[in-house]
Amino acid sequence: MPEAVITIRGLRKAYGELEAIRGIDLTVEAGEVFAFLGPNGAGKTTTVEIMEGYRPRSSGEVRVLGADPSEADRSWREQVGLVLQESRLVGELTPREVLAQYAGYYSKPRDVDETIGLVGLEEKADTRTARLSGGQRRRLDVALALVGDPQLLFLDEPTTGFDPSARRQAWELIAGLRELGKTVFLTTHYMEEAQALADRVAIISRGRIVASGSPDKIGGRRTAMVEISFHLPEGASAGDLPSPIRADARIEGDQVRLAAEDPVPALRELTGWATARGSGLPGLEVRRPSLEDVYLDLVDEEVAE
Amino acid sequence: MRSLRLVGHQFRFDQKVFWRNPASVFFTAVFPLLFLLIFATFFKNADIHGLGVNGATYYVPAIVALAVISATMVKLAMNLSSEREGGMLKRVRGTPLPPWVFVAGRVGNSVVISVIMVALVSVIGALFYGVPIPTSTLPALLVTLLVGAFAFSCLGFALAAVIPSEDAAPAITNAIVFPLYFLSGIFVPEDEIPSGVLHIADLFPVRHLFAALFAVWDPATSGSGLELGDLAIVLLWGIAGLLVAVRLFRWEPRSRS
């Protein structure tokens, strides 16, 4: 079996007293789009910068493309493309000029025009970068990371600050990278983004991975539970609810919440009770938690700990 | 071989970036010429006591010194600190481009701009103010120029290394160079400066670069015009700058995380 593109075992990073990374393990296989998800300050960028060779680690093992990134040499850099969280461009130059410059840094660069085409900047190829929109600049960032034709691409929060349509376009671009056979390591604080793009997701909170797996399964049991919520009808008190419901429900004021794997029996019980009283169930909602909810729950639990 | 080609590649890029940016062209190329026109016109026929030259002959080497320092130390300190804070240096550092090639491209860029500026100042001095272009002292001029540009480039990297943020760059850089220009006789003729002040200026490299350049233009110079003592002090400052830069220069933003 070929070696994984990224292998991390027991990674720790401390800044003085503060432990930013508290023991992380992860593996990314070739050709995978891997999303690293977490709120600001969770340790995402620190972890990525260790993998990119920018930061030393305190302890643990890190192998990226068969080498230790802290000893990254020129040939390793040839294989790795970086889209940093924030990196300005020279405003006076055009995308074509900046790309030609970066292409010169690599021994086997991708063709500049082809790279411009990959990110869909054909129409802006000869416009000075100062006049590009935020989304167009981000595409140029991706193009600069691709022009060396790397095997592995790090994208650090590629869509932060984008409006929804720019985000959709960026997603299409990133999805297209998979077809080029690239391994992509993506950090984001949007669950939606991870869900749209990634084969696998790891959620980091306070320096630890709190969940990992495919985006569909990551919530596990939590997404299997359906939440029923409604307000107590006028004139009814919590004590009036049918007893099986009362036993499972969380009641705050007149707001009643109830989680169930199969909502049908509970709903039959409730609707029967309400019909009998002739009152209805105001504000009734039946919903399955989204991955976003699961993610926020996981992160909250970790913070509350 | 490939590395040398890469230095050329990087140098051409830096040149393109420089000439396309109106602000950088103004501050590095036009500003010193304006100073030359102002000072050489006002003090054209003034007799600089003790040196036996007229004002124009005095200000041509003075502005050459200023132009070299602007093209090297000032330009590098401002550009590098702003590019570091903007994450541009970090991005370059993430490519296979060897750091020394990047540095060589930048220093080459500054040296070439310095040479162009020296040529412009000399020609303007000759055409408008009758200050002869150095001939017998031309080799001394070239040596002085190279030593000066190298030393002040090193100081530019050192200064960028200690500048904490983008906003602080112009303030810190100007707070260093402008007083030194005044103390060292670049703006105010040196016969107007108390000797105690000149002794202070003698500690710093600006005054010595100017002194070496003045010897090149001074009609009283009879030999080669090479002021080895002054150049040695400029070079020492450059080496000190290099050591600071090697120790403290960072490619990643300092003001964020």
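## Exercises on a predicted model

Gly10(A) is partly exposed, with a relative accessible area of 31%. Keep in mind as you work that this model is predicted.

**Exercise 1.** Work out where Gly10(A) sits and how far Gly10(A) is from Val62(A) in space.

*Solution.* Start with the chain: Gly10(A) belongs to strand β1, residues 6-15 of chain A. Next, check the exposure: buried means under 20% and exposed over 50%, so a value of 31% makes Gly10(A) partly exposed. Finally, take the C-alpha atoms: Gly10(A) and Val62(A) lie 8.8 Å apart in space, with their positions 52 residues apart in sequence.

**Exercise 2.** Find the residues that make the nonpolar surface patch on chain B, then place Phe26(B).

*Solution.* First, list the members: Phe26(B), Phe27(B), Val30(B), Leu34(B), Leu37(B), Ile38(B) and Phe42(B) together make a patch of about 650 Å². Then locate Phe26(B), which is in helix α2, residues 22-42 of chain B. A patch member needs over 30% relative accessible area; Phe26(B) has 35% and is partly exposed.

**Exercise 3.** Describe the largest pocket by volume, lining and class of residue.

*Solution.* Begin with the volume, about 1,100 Å³. The lining has 46 residues, and those closest to the pocket centre are Asn21(B), Ser24(B), Lys75(B), Met78(B) and Asn79(B). Now turn to the elements: those giving two or more residues include α3 (95-103) of chain A and α5 (99-129) of chain B. The largest share, nine residues, is from α3(B). Last, sort the lining by class: 26 residues are nonpolar, 12 polar and eight charged.

Methods:
Residues are numbered from 1 along each chain as its sequence is written. Chains are lettered from A and ligands numbered from 1 in the order in which they are written. This is a predicted model: local features need pLDDT of at least 70, side-chain atom pairs count only at pLDDT 80 or more; totals for chains, interfaces and linings use all residues. Side-chain values use heavy atoms; hydrogens and water are left out. Patches are made of residues with over 30% relative accessible area and no salt bridge: like charges are joined within 9 Å, nonpolar side chains (Val, Leu, Ile, Met, Phe, Trp, Tyr) within 5 Å. Accessible areas come from the Shrake-Rupley method with a 1.4 Å probe; for residues, only the protein chains shown count as cover. A salt bridge is a side-chain nitrogen of Lys or Arg within 4 Å of a carboxyl oxygen of Asp or Glu. Helices (H or I, at least four residues) and strands (E, at least two) are DSSP runs, numbered from the N terminus. Buried means under 20% relative accessible area, exposed over 50%, partly exposed in between (1.4 Å probe, protein chains only). On a 1 Å grid over the protein atoms alone, a cavity is a set of points where a 1.4 Å probe fits but cannot get out, and a pocket is an open set with protein on both sides within 12 Å along at least five of seven lines; lining residues have an atom within 4 Å of a point. Grid points are joined across faces, edges and corners, and a volume is the space filled by probe spheres set on the points. Ala, Val, Leu, Ile, Met, Phe, Trp, Tyr, Cys and Pro count as nonpolar, Asp, Glu, Lys and Arg as charged, and the others, Gly among them, as polar.
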